[in-house]
Amino acid sequence: MVLSLVGGVCRGCVGIADRSDGARDQCGGISDWHVRRFWHRGLRASSCPSVPAEVGSGSVAPRRYPDAVNGYYRLAPALYDETARGVPGDIEFYRDLAVASGGPVVELGVGTGRIAIPTAAAGVEVIGIDLVPEMLEVARTRAEAAGVGSTLRLVEGDMRSFTVEMPVPLVTIPFRAFLHNLEDADQLETLRACHRALQPGGRLALNVFNPDLSIARRWAGRSERHYEPFDAAGKVEVHNDFDIRPARQTVTSKLRWREGGAIHRGSLTLRYVGREEMEALLAATGFEVESLFGDCLGSPFGDHSTEMVWVARRSS
Ligand SMILES: C[S@@+](CC[C@H](N)C(=O)[O-])C[C@H]1O[C@@H](n2cnc3c(N)ncnc32)[C@H](O)[C@@H]1O
């Protein structure tokens with residue numbers, strides 16, 4: 001399959017991970033959020049400037065990275081790989097959807113291939129798209145090592161503006177990567193790009209954490225220090241300061257970490273979405289919700305769910 005992308009960076013990027021000690025935490029943020037109540041934000045479309053680039057052929061237009069990308073994913077792809085554990089069952093959940101679709105599958109925010117590699121190993125052709133070449137480089141090395149270098153195609157591109165030459169039956173945005181969209185326009189552009197990439201009746205599957213505003217209040221202004229397991233050398237010391245802006249629906253994790261004698265700084269910002277808001281976004285961009293689960297193990301969504309796992313069908 002030939003893939004061409006129109007890349008262009010408008011703004012914003014973040015990431016999340018669960019801590020290895022079992023205490024759920026954002027990779028830079030908070031993930032132990034379970035929502036009860038949420039406000040519905042009015043949707044309005046606005047333009048999102050993009051810079052055209054033929055990424056499929058290997059050339060990439062000059063682009064400006066949002067600070068969050070520069071500061072974390074670009075600097076610390078290996079740290080990400082060591083610490084990002086996803087949410088329970090997510091690898092199997094997305095892999096099984098991919099197998100059922102027959103492929104090819106587009107995974108947006110493919111990162112280091114945590115989900116894409118097992119999916120490709122199950123025999124499904126995957127097109128993995130990510131904004132950050134450093135993350136893709138790690139994914140490439142891992143894919144080669146896993147023997148799926150030809151089944152998993154890794155492409156630098158932007159989820160808000162990617163295009164595929166041949167529509168696919170499934171687009172996925174695992175592990176909360178959708179929350180990298182910090183503006184209304186970014187969210188809408190991403191969903192519209194997914195709609196364009198899908199065959200009629202094709203599916204979009206994504207998961208985002210289910211925000212709990214009481215936790216947001218508790219975490220506001222909090223600063224913590226912890227140690228992440230990291231390579232044979234031991235551990236990386238990470239300082240995490242949280243900046244919560246409820247009116248913007250954003251959580252920023254300001255990270256400092258010590259690695260190899262050097263101190264790095266980065267920040268990660270997420271814009272969380274509520275259930276009704278996500279439903280409205282999907283409806284506004286031509287999707288019909290097929291299922292909403294409370295986790296990647298298939299539990300029904302409910303008051304105490306920590307995750308929103310959406311499967312939606314392209315309806316028009
Ligand atoms: C939380 S990680 C998820 C990685 C992988 N899917 C996983 O499950 O481990 C989010 C990824 O999205 C990428 N990303 C952020 N903004 C993006 C954008 N606008 N377009 C494409 N990728 C983006 C980041 O570089 C990062 O690799």
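Which backbone oxygen does the side chain of Arg271 reach? Keep that question in mind while you look around, because the tour returns to Arg271 at its last stop, where the side chain reaches the backbone oxygen of Leu182 at 3.0 Å.Before selecting anything, note that this is a predicted model, in which local features need pLDDT of at least 70 and side-chain atom pairs count only at pLDDT 80 or more, while totals for chains, interfaces and linings use all residues. Residues are numbered from 1 along each chain as its sequence is written, and side-chain values use heavy atoms, with hydrogens and water left out.

**The whole protein**

Start with the cartoon view, where the protein has eight helices and 11 strands; these are DSSP runs numbered from the N terminus, with helices being H or I of at least four residues and strands being E of at least two. Of its 316 residues, 56% count as buried, where buried means under 20% relative accessible area, exposed means over 50%, and partly exposed lies in between, with a 1.4 Å probe and protein chains only. If you switch on a surface, the accessible area comes to about 12700 Å², of which 50% belongs to carbon and sulfur atoms; such areas come from the Shrake-Rupley method with a 1.4 Å probe, and for residues only the protein chains shown count as cover. Among contacts (heavy atoms within 4.5 Å) between residues at least 6 apart in sequence, 71% join residues at least 24 apart.

**The ligand**

Next, select the ligand and the 22 residues around it, among which Tyr80, Gly109, Asp130, Met159 and His180 come nearest; a residue is near if one of its heavy atoms lies within 4 Å. By class, this shell has 12 nonpolar, five polar and five charged residues, and here Ala, Val, Leu, Ile, Met, Phe, Trp, Tyr, Cys and Pro count as nonpolar, Asp, Glu, Lys and Arg as charged, and the others, Gly among them, as polar.

Now show the nitrogen atoms of the ligand. One ligand nitrogen is 2.9 Å from an N or O atom in the side chain of Glu107, a backbone N or O atom of Gly109 lies 2.7 Å from a ligand nitrogen, and an N or O atom in the side chain of His180 is 3.2 Å from a ligand nitrogen. Taken alone the ligand exposes 600 Å², and the protein buries 100% of that.

**Salt bridges**

Charged side chains are the next things to display, since the count comes to 11 salt bridges, each being a side-chain nitrogen of Lys or Arg within 4 Å of a carboxyl oxygen of Asp or Glu. Select Asp96 and Arg95, whose closest N and O atoms are 3.1 Å apart in a salt bridge; Asp96 is partly exposed at 42% relative accessibility, and Arg95 is partly exposed at 28%.

Then move to Arg140 and Glu137, which form a salt bridge with their closest N and O atoms 3.1 Å apart. The two residues are three apart in helix 5 (residues 133-145), so they are separated by about one helical turn. Arg140 is partly exposed at 33% relative accessibility, and Glu137 is partly exposed at 43%.

Now select Arg160 and Asp186, whose side chains meet in a salt bridge at 3.4 Å, N to O. Arg160 lies in the loop between strand 3 (152-156) and strand 4 (168-173) while Asp186 lies in helix 6 (residues 184-197), so the pair ties together parts that are 26 residues apart in sequence. Arg160 and Asp186 are buried, and if you add Asp158 you will see a network of salt bridges that links Asp158, Arg160 and Asp186.

**Helix 8**

Select helix 8 (residues 275-284), where the buried residues are Glu277, Met278, Ala280, Leu281 and Leu282. What covers these buried residues includes helix 6, strand 5 (198-209), strand 10 (287-293) and strand 11 (307-314). Just after helix 8, look for Gly286, which takes a positive phi of about 90°.

**Tyr73 and Arg271**

Tyr73 is found in helix 1 (residues 67-73), and at 8% relative accessibility Tyr73 counts as buried. Select Val132 as well: the C-alpha atoms of Tyr73 and Val132 are separated by 6.9 Å, although the two residues are 59 apart along the chain.

Finally, select Arg271 in strand 9 (residues 262-271), which counts as buried at 5% relative accessibility. A polar contact of 3.2 Å joins the side chains of Arg271 and Asp184; a polar contact is a pair of N or O atoms within 3.5 Å, where within protein one must be able to donate a hydrogen and the other to accept it, and residues adjacent in sequence count only if both atoms are side-chain atoms.
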